[in-house]
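This report goes through one protein model, from its confidence to its local details. The sequence and the coordinates come next.

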Amino acid sequence: MTAPVATPAPAATSWLPAVESPLPMPGQSLREGRLVSQRPPTSPRGIGWRRLLVIGGTAALTAVATMGMLQVLRVGGLSVLDLVLLVLFVALFAWIALSSVSAAAGFVLMLGRDRLPLGIERDGPLPRLATRTALLMPTYHEDPARIMAGLQAVYESVAATGQLDAFDFFVLSDSRREEVAAAELEEFRALLARTGGEGRLFYRRRADNSGRKAGNIAEWVQRFGGAYPQMLILDADSVMSGATLVRLASAVERHPGVGLVQTLPRVVNGQTLFARMQQFGGHVYGPVIARGVTWWHGSEGNYWGHNAMLRTRAFADHAGLPELAGRKPFGGHILSHDFVEAALMRRGGWAIHLVPQLDGSYEEGPPSLTDLLVRDRRWCQGNLQHGKVVGSAGLHWVSRTHMLVGIGHYFTAPMWAMLMLVGLAIPLYSSDLVWDGFQLPGFSPLRYWAARDAERVAWLFAATMGVLFAPKVFGYIATVLDPQARRGAGGGLRAFAGVLIESLLAALMAPIVMYRQSRGVAEVLAGRDSGWEAQRRDDGSVPLSSLVQGYAGLSLFGLFMGALAWAVSPGLALWMAPVVVGMVLAIPTVWISSARTPGRWLRRHRILCIPEELDPPPVLRRAAELRAAAAATQA
């Protein structure tokens, strides 16, 4: 399993294996194709009953809520606006009910002993690997010192398992700026010197970065994929332990029908309040949600583009992406390629599994809401682009569901806004109130709906809030019941304080996200491309000028709408308050959540904590040391 000795390219712009091992990766057809296997050998027992329970439970909850809403709307007869409100309510309630039922399934599993799929063990002796695995780190205008430090931590962690001979590491650069590329080469040389990893560590910069990240990976597969039965893709902010990598590679080795095993990366290293709230939510809510969807997805799981072990030949044979017909943003390269790659691999008969219980897989979140929204705009375009893929021939219905859920995620934002507006329009249209200048004395949408059927309206509101917040409740209870998870969150009381803070911040940010996502959908539908920009990893600070430029318009609009609503009627202002308050406070909310000071204060008091910061695993501790040393050198 010894890799060929690396030889520098003539211009010293790359370090590559001396011998290439080409592997064809043909582009797949979306118009032709058939599902090779309805049920792979690794599909869990009773998967049909699991799916029936989740989908049936979602349908039952939605049906009960629909009947309640219909009874409210039927008072005084159904109008066109009533029917529009009903359709919006049903769609949105079904959306949150599916998440709630999945989380309930995950909660039940966490109360018992849910075994890892594919015979993977959390602990115990590591299996011995018989084949080679390539770790690929695509990079595009990232901080070279930072990514090489993270890669060194992974390299050393793999070496500590005693199975370094089974792994090779590739840095695959798509950087266009010459100064970044030069820094990458310098840092890669330093990495080789620190590790003595020649023949094991490789670097390549593409002359043409067509296809973006998917094209970057495909080019590697076509040149070197034949030498590696397994491959794993690391994002620039990813870190994984050697033990986890060995267990994943072994699982693919031992199960010849498995094409992909996806971990649930834990979000770590958050310094700002926003980043800490995200990683806390991932620790508390993430496990119940992930275990729930794993339970009913079975061997038709999804792929998130990184921290997943792939069978190289399965990927090469079935994940070659075609270009979509038409102009951007719907045509051209597939942006959210990971969903499509998983769907095409599953169409080819390969099982796709998620293993959320396996530790040792980490990533970093965006440091601010602004950074998240920049990413989200690109994800919005990529998910809406799936509208041209979801109907492809031969896809498994669960694979289509993954894409539909992604598409629906972005349409729910304007739908929530429409629900609020239609809920306002109906009492405006139906009331016999008389305008007194610009005022409607006594007008209150809340009073109008309560007058229709106060008891049923209160029940519907409580049911909707209960279903909406159920995943958080399940996550908190599961955390408190698990001693290790409870200690990692700072204890039961501190975890509860963290849930309250995270929920309050999420509520304040919801109108901002709703507006930006609605605008993003409109921009995509209007034909505006998102582009491809590098991401910030550490610093979440946003200059006041940028805050004003990005959010002043939204704040002024919210202030105007709030004042107008109050002028018309205090009852109308109360109806609009949940959205108006978030808009008005957009600038202070983004500013405070992007700052490190409140995040550090909460960390000192062990609020919004996660286990990885109270007791960092060795690979994360080593990555932090190396990155700190690199930052000190640069300073």
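A contact here means heavy atoms within 4.5 Å. The model is predicted, so local features are reported only at pLDDT of at least 70 and side-chain atom pairs only at pLDDT 80 or more, while totals for chains, interfaces and linings use all residues. Residues are numbered from 1 along each chain as its sequence is written, and side-chain values use heavy atoms, without hydrogens or water.

**Confidence**

The predictor's confidence in each residue, pLDDT, runs from 0 to 100. Its average over the protein chain is 90, and 94% of the residues score at least 70. Residues 1–12 have a pLDDT below 50, yet this stretch has 29 contacts in the model beyond near neighbours in sequence. Where pLDDT is low, predicted coordinates should not be read in detail.

**Annotated regions**

UniProt positions follow the numbering used here, with shortened feature names, and annotations may be inferred rather than shown by experiment. In the unreviewed UniProt entry, "domain: Glycosyltransferase 2-like" is listed for residues 232–426. The same kind of record gives "transmembrane region" for several spans, among them 410–430 and 493–515. Helices (H or I, at least four residues) and strands (E, at least two) are DSSP runs numbered from the N terminus. The table sets out these three spans.

| Residues | Helix | Strand | Distance between end C-alpha atoms |
|---|---|---|---|
| 232–426 | 52% | 13% | 54 Å |
| 410–430 | 100% | 0% | 31 Å |
| 493–515 | 100% | 0% | 34 Å |

**Helix H6**

Helix H6 covers residues 242–254. The expected span of a helix is 1.5 Å times one less than its number of residues. For the 13 residues of H6 this gives 18 Å, which agrees with the 18 Å between its end C-alpha atoms. Buried means under 20% relative accessible area, exposed over 50%, and partly exposed in between (1.4 Å probe, protein chains only). Because 10 of its 13 residues are buried, H6 is largely enclosed by the rest of the structure. The buried residues include Leu245, Arg247 and Val252.

**Aromatic pairs**

Rings of Phe, Tyr and Trp (its six-membered ring) pair if their centres lie within 6.5 Å; planes under 30 degrees apart count as stacked, over 60 as edge-to-face and the rest as tilted. The whole structure holds 12 such pairs. One of them joins Phe170 and Tyr228 edge-to-face, at 5.8 Å between centres and 85° between planes. Phe170 sits in strand E4 (residues 167–173) and Tyr228 in the loop between helix H5 (212–224) and strand E6 (230–233), so this pair links distant parts of the chain, 58 residues apart. Phe170 is buried at 1% relative accessibility, as is Tyr228 at 3%. Ring pairs join both residues with Phe202, Trp220 and Phe224 in a cluster.

**Loop residues**

Where is Ser392 found? Ser392 is in the loop between helix H11 (369–385) and helix H12 (397–430), and counts as buried at 3% relative accessibility. A polar atom of its side chain lies 2.6 Å from the backbone oxygen of Val389. Beyond neighbours within four places in sequence, Ser392 contacts Leu30 and Arg400.

Most residues other than glycine have a negative phi, and most peptide bonds are trans. Leu118 has a positive phi of about 65° and is buried, with a relative accessible area of 9%. Leu608 also has a positive phi, near 60°, and is buried at 0%. The peptide bond from Lys328 to Pro329 is cis, with omega near 10°; Pro329 lies in the loop between helix H9 (312–318) and helix H10 (337–347).

Conventions: Polar contact = N/O pair within 3.5 Å; in protein donor to acceptor, adjacent residues only side chain to side chain.
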